[in-house]
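Visitor: Could you take me through a close look at one part of this model, the salt bridges?

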Amino acid sequence: MTNQTAAGSTPVVDGTGVRFTLFHDTRGPVVVEVARSTLRRIFQARSDAPDDLLDAYVNHQARIHQVATVKVPRDGMLLLSDGDFAETSLDSDASHRSTRHAAN
């Protein structure tokens with residue numbers, strides 16, 4: 001089995017963040033929400049205004065979808081918060097350092 005996903009809906013802003021649907025080839029549709037506070041702190045949304053939250057989501061969509069793909073949803077829902085992205089940035093930094101070290 002592959003681990004493929006495809007975006008399945010236009011992202012929308014609700015009272016708690018940005019919500020969208022990913023269609024996972026083995027799990028089916030998963031509703032994903034990125035917390036408003038995460039969009040502000042991690043992805044530097046300028047404010048809580050819907051346009052600013054959507055801009056932050058769109059500008060970082062690849063990373064958000066990457067994290068959503070590896071997280072296991074609960075009852076077809078997945079809430080992404082700061083910690084989900086802190087782990088991926090640490091893994092990415094460690095991988096980058098070890099690749100750079102191996103090249104020297």
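Guide: Here is a walk through the salt bridges, beginning with one aspartate. This is a predicted model, in which local features need pLDDT of at least 70 and side-chain atom pairs count only at pLDDT 80 or more, while totals for chains, interfaces and linings use all residues. Residues are numbered from 1 along each chain as its sequence is written, and side-chain values use heavy atoms, with hydrogens and water left out.

A salt bridge here is a side-chain nitrogen of Lys or Arg within 4 Å of a carboxyl oxygen of Asp or Glu. By that rule there are seven salt bridges.

Let's start with Asp52, which sits in helix α2 (residues 50–59); helices are DSSP runs of H or I with at least four residues, numbered from the N terminus. Asp52 forms a salt bridge with Arg46, with the closest N and O atoms 3.0 Å apart. Asp52 is buried at 13% relative accessible area, whereas Arg46 is exposed at 65%. Buried means under 20% relative accessible area, exposed over 50%, and partly exposed in between (1.4 Å probe, protein chains only).

Next comes Arg40, whose side chain meets that of Asp48 in a salt bridge of 3.2 Å, N to O. Arg40 is partly exposed at 34%, and Asp48 is partly exposed at 42%.

Finally, the side chains of Asp82 and Arg41 form a salt bridge of 2.6 Å, N to O. Asp82 lies in helix α4 (residues 82–103) and Arg41 in helix α1 (residues 36–41), so this pair ties together parts 41 residues apart in sequence. Arg41 is exposed, at 53% relative accessible area.

Notes. Helices (H or I, at least four residues) and strands (E, at least two) are DSSP runs, numbered from the N terminus.
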